[in-house]
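The exercises below ask you to read a structure step by step, and each is followed by a worked solution. Please look through the sequence and the model before you begin.

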Amino acid sequence: MSTATVNALDQDNVTDYAPGDRPKLVLGEQNYNAVTQAVCGVVENPPTPAGWYVAFFVTLGLTVCLLFNIAYLIANGVGVWGNNIPVAWAWDIINFVFWIGIGHAGTLISAVLFIFRQPWRTSINRASEAMTLFAVVCALIFPTIHVGRIWLVYWLFPYPNQMQMWPQFRSPLLWDVFAISTYGLTSLLFWYLGLLPDLASLRDRAVGIRKWIYGLLAFGWRGSNRHWHRYERAYLLLAALATPLVLSVHSVVSFDFAVSQLPGWHTTIFPPYFVAGAIFGGFAMVNTLLVPARQFFGLKHLITLKHIDNMNKITLATGTIVGYAYMTELFIAWYSQNRYEQFTFLNRLSGPYAWAYWTMIFCNVVSPQIFWASKMRRNLWATMFVALCVDVGMWFERFVIIVTSLHRDFLPSSWTYYVPTWVDIMTFAGTHGLFLLLFLLFCRYLPMIAVAEIKAVLHHEKHHHHPSADPLAGGSNAAGAAHGHH
Amino acid sequence: MGMDELKPGAAEPEAMKTSGVLAEYATPEGLIAAAEKVAAAGYRKWDCFTPFPVHGLDDAMKIQATRLPWFVLACGLTGLALALGFQTWANGFDYPWNISGKPLISLPASIPVTFEGTVLFSAIGSFVGVLLFCQLPQLYHPTMRSAKFARATDDRFFLFIEARDRLFEAGKATSLLSGTHPESLETLEEPVHGSPQPGYFKPFTLMLFCLLSIPPLMLFNSRSQPSGDLPRIHIVQDMDKQPKFGPQMGVGENLFADGRAMRPPAVGVVARGEVKADSQLYEGKVDGKLAKGLPASLPASAALMERGRTMYNIQCSVCHGVAGDGKGTVAVRAQQLAEGTFIPPLAFHDDRLRNIEDGHLFEVITKGIRTMPGYGHKIVPEDRWAIILYVRALQLSQSASIDVVPADERAKIKPQ
Amino acid sequence: MSAHAENSGHDGHAGADAPALLPDDAPIRLPDNPSLQRGFWIGGAACLGAALGISLIRGGNGLQAFMHSYLTSFMFFLTITLGALGFVLVNYIARAGWSVVVRRVAEIMMLNFMVMAILAFPILLYMAMSDSPVKKAGAATHAVAESTAKPAVPLVKPGGLYPWTDGAKVAESHHLAGKTPYLNLPFFAIRVILYFAIWIGLAKLFHGQSVSQDSTGSRRVNKVLEDFSAPSIILFFITITFAAFDFSMSLNPLWYSTMWGVYHLAGSAFGFFATLILALMTLQRFGYLKGIVTTEHYHDIGKFMWGFTFFWSYIAFSQYMLIWYGNIPEETEFFRDRQYLADGVYGPWVYVGLLLLFTHFVFPFPGFMSRHVKRNRATLAFWAIWCLGAHFVDHFWIIMPNLSKQQHSLDRVPFGPADLLCWLGMAGLCVAFFLRNASRVPLVPLRDPRLGESLRFKNF
């Protein structure tokens, strides 16, 4: 479809629909080949937009900067960062939690929305699962490099060794190792399983060396219904596994803090609070990536304004949950009459890092409130603004939790004001480069929308699927609802 | 993927056999209707091919529910058992390790890794299970010889009856399918001889897998053995190798013949300030026998007594009690906790200890006795004698008669 | 496709009214049976009275024991009613289609807030009787506090249910005294009234609008309720959190846990889905909703029940493990009371804790994981009853140890006829009110635009 047609669709895009009707999730031409063409076309047809090359080189530069900073760190030691006693964890762990949190939205879209039978997930799940994988890669960098003696990081894994020692399983830091590894691997498997049919589509449309590569990667998938049967069971099982997994991963990350005795860290609400925050930040990042991507790659008829609308609703909902957690923490801090706890929260609100706290409150609690207005939810500029605000705000949330709790704890003589070094900052910027670089490569070389799943949704929208004649369905205005099964 | 492209220069016509009949449909409904017919006709080796899973097709084809969920369950239970068992064994039995007082086998702390292990194994089981059950990767299939079949992953729906099916007869199958109004119908052929996949493929993959697993296994093996005499690989040198002589370092022949970097002191050499001539002061012994009385250099005085009281209260009263009655706070608490291994500290108020040599007390303070540790490194000899003076005073205080008390002090003592 | 175009609401109009899909003789109307209702009302009240009687006869702080049993059953039924409200709200927020046929039953269940509001009154009354606030602010010594504390009504122990109503105790403890701005009876009563006002208001709004749609089929109702559901959920979250803090966390006023609200939320959902299954099955047993609520719906409700089994376990485990790991005595006190009598000596409450673990997680989690179990009426009913039992054990384990502690008898688990009678009593009252409300409206939302989708619904 021409860009003009696609752009015109935004005006045509209906997000107001009567209760009882279900929104159209694919706009424009309603045939399977059009979908294949639209998505695979991005991968197959040169020329790549010039913007892609510009972005590629910028992100490549940032990635090189990341590698340089890591090398500098390894050569000189952790002292090049701003961490010190009492703020022993700072940007390293903030960034780790930030990136892992972003990954969770991908799994939510893929797995949890699948379990809840939401058909609108099909145009965004592939890109967001890919985003999860890239976010996990960026996240894993930090625990690896922050240990000091990076060449010994394999000690975290249980293997028979000459010291006859085993890792200390009672530590949440080790639970992290297992949780994140499981999460990375499961996300990869889930993503790859979803990719198989689309790789087959690419294979069947390609020639030469590309046919070979896609052919090998597709494992010979040919759409056999006997295979689809098992595939669907496996997909459901993986989704059902990924759902508690995503809860557990960020809960385990929150355990890193909550198992301590530090006021501001040791509080029982951390697990669901962190999970809600992760989904919140992740959805913001999905919007940050997909709003431009749908524009530049001509996919607005597949990633429609209704999708953006839904994602913004989830952003608002999870932001509210995060706000609820803030409120609970503040109330219980007062209620506990524990003066250390009370001080910690007063210090957050009015101490030296108050600027960070109020930035966080504005970005996380205040800015998403514009999404109460449906017009704002469908406004791409508002979406980008809030998405970027939340990206920043969620980083600051981890900053507030980690740094403000540490910099003033029980012993006033140890109090200090932490400042990051240029190595901290450049490393973090570099991970953004790596993340975007991988995402750009993904957009260029792999189908960024789940073609087979979209076709299934299209099929349901075109044809009501009744197992048998239904005597109860009558009337000309009967809700022509799509069930939205996968 | 047409395998013809793989065979270099296959020019000569080979003997071909029918591999099956392929029907193409434009809509899923058409395919479902056809599938119902084919299933009803009793065929077993046949399949449908769709770009997306079509609901209702499983029922039409009478496909039995897959056993994959059971496989995944088995994998998950394995993961659970392994994770929980390993943690319990490693931290509870093999190398028990007290971490901040947590029990050696702490179930609450074992749950997260157990959960992750279950999910990990289940997820791997799901993915590997799909591949196994579908026998993927399978890079060749007779349908790939049809040019039209490329649309199976795009927008067309196919039905293929294999020639291998026991009911298959070319004419019958074709007429059955043409009754379902397909968009197109073709009979597919494949070579009679020769495997469709290059023969080297399977052994090559197997060998590749074996070769690839050698480095990690070697690494695993090497890490589980002691490194022996090999020097460690030391990447970041920092200031680890300094040009100086450290203790116990062999320094080669350049310096002294016995390999040392310094000469040992001659026999009988004593450092300045280390001469301990006064054996009574420093050892509590005179002529090798335990001494009685304070050393000459430390006459008894009020100041010494006061010093003794201060040091006694600091160092000794925690166990022996401020009154020397063995009821210090540590002793009392230990009795409360009924710690079986605790031997109560002595009270000083019996005749044996009242009459024992002062040198003995000195030795006990210095070197310890039974379960009491030695305090020689903590208390200088002068202070030890002060403590002994004070202990004697305590002993006197608990064994004195009223006559010893000065007359003007007697009034202060209330009757018990 | 034309149906889409017609109703796509280009101009923002809600669209044409939804039709009635069910025939007039569909089994969706419960007849009014005043004698049956009266039976439940009287039976319920009688059970409660009997429980009170038994407790008073026992003597020696029997009233205190009764109040704890009463509070346990009160929380049990309150949380289920809250679960019903949450379910209705979430259905509107998510524009759910599968659940429309069961939503009306949930709406009727949530009207029970009115019963719970009346049942809350004895709690407030007892608190007023046991309240002995310190007249002088900042009383320094215990002696002063005793002399200035307003004497409580005889027979009622000061601070019998909520220790912070005992002025003497509050004056003694610097921490408790600091909480007085929040933990004082007038503010507590205002909060309770506020909670019930909000809950009853929301219940009536959502139920009332839904019932009005039965005759008009106006799609505007959906729009209004969908718009309202989002801020209502926020109110719901906040009120359930603070209600949990007030009713059950302040039983142990020196203890606190930020997870407490979420913990009760999880339990609410869990208990509600079990109750919904049993309510629907009972109605179907008597011939109502036959062919309308199908195995597909039961499967989905069963999935939710299972999901919340897991979610509750995750929340409960997180709370336990974090407090265990930190090992701070101020926090571990809660769990120690429920496990130990003294250092290293287990008390009988540990068995209740283990019972909770096994009934709320270990058995149900694998027990009805399989779709076949959820799709079979008999097995699903079994697990629903089981889950309700587990929900009771949960609140028993939360509330009753406080009684043991107050009576210095942690070596006894005070489970007795009073507990059962309180539960039966409240159950009777709730069922009576349910029957009354259910007989006044159709049992499904007749002209909800998504009814068709719900009727045709087929699961994975």
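**Exercise 1.** Which residue does B:Phe49 stand opposite in strand 3 of chain B?

*Solution.* Begin with the conventions: this is a predicted model, in which local features need pLDDT of at least 70 and side-chain atom pairs count only at pLDDT 80 or more, while totals for chains, interfaces and linings use all residues. Residues are numbered from 1 along each chain as its sequence is written, and chains are lettered from A and ligands numbered from 1 in the order in which they are written. Helices (H or I, at least four residues) and strands (E, at least two) are DSSP runs, numbered from the N terminus. With this numbering in hand, the residue that B:Phe49 faces in strand 3 of chain B is B:Phe158.

**Exercise 2.** Describe the sheet of chain B to which strand 3 belongs, and list how its strands pair.

*Solution.* Two strands pair if DSSP finds at least two bridges between them. By that rule chain B has an open sheet of 4 strands in the order 2-3-1-4, with antiparallel pairing. Its edge strands, each of which pairs on one side only, are strand 2 (46–49) and strand 4 (184–191) of chain B. From one strand to the next the twist averages 25°, where axes are lines fitted to C-alpha atoms, for helices over the stretch in contact, and angles run from 0 to 180 degrees between N-to-C directions.

Now take the neighbours of strand 3 in turn. Strand 2 of chain B is joined to strand 3 of chain B by 4 bridges, and the two run antiparallel. Strand 1 (residues 16–25) of chain B pairs with strand 3 (residues 157–162) of chain B over 6 bridges, also in the antiparallel sense. Within this pairing, B:Ala23 stands opposite B:Leu159, and B:Tyr25 has B:Phe157 as its bridge partner.

Finally, consider what lies against the sheet. Helix 1 (residues 28–40) of chain B packs on it, touching strand 1, strand 2 and strand 3 of chain B, and the direction of this helix makes about 20° with that of strand 3 of chain B. Two residues count as in contact if their C-beta atoms, placed from the backbone, lie within 7 Å.

**Exercise 3.** Is strand 3 of chain B mostly covered or mostly uncovered, and which of its residues point each way?

*Solution.* A residue is buried if 20 or more other C-beta atoms lie within 10 Å of its own, exposed if 12 or fewer, and partly exposed in between. Strand 3 of chain B is mostly covered, since 6 of its 6 residues are buried. In a regular strand the side chains alternate between the two faces of the sheet. Here B:Phe157, B:Leu159 and B:Ile161 point one way, whereas B:Phe158, B:Phe160 and B:Glu162 point the other way.

**Exercise 4.** Why is chain B described as more spread out than a compact globule?

*Solution.* The radius of gyration is taken over C-alpha atoms, and the globule rule is 2.2 Å times the number of residues to the power 0.38. For 416 residues the rule gives 22 Å, but the radius of gyration of chain B is 47 Å, well over that value, so chain B is more spread out than a compact globule. Along the principal axes, the C-alpha atoms of chain B fill a box of roughly 135 × 75 × 30 Å. The domain assignment, which is automatic or from a database, gives domain 1 (15–202) and domain 2 (279–399) of chain B, and the C-alpha centres of these domains lie 84 Å apart. Buried residues make up 26% of the chain.

**Exercise 5.** Work out where C:Thr72 sits in chain C, and which residues it is in contact with.

*Solution.* C:Thr72 is found in helix 3 (residues 62–93) of chain C. This residue is buried, because 24 other C-beta atoms lie within 10 Å. Leaving aside neighbours within four places in sequence, C:Thr72 is in contact with C:His395, C:Phe396, C:Ile399, C:Met400 and C:Asp419. The C-alpha atoms of C:Thr72 and C:Phe247 are separated by 10.0 Å, although these residues are 175 residues apart along the chain. As for the chain as a whole, chain C has 19 helices and 2 strands, and buried residues make up 49% of its 460 residues.
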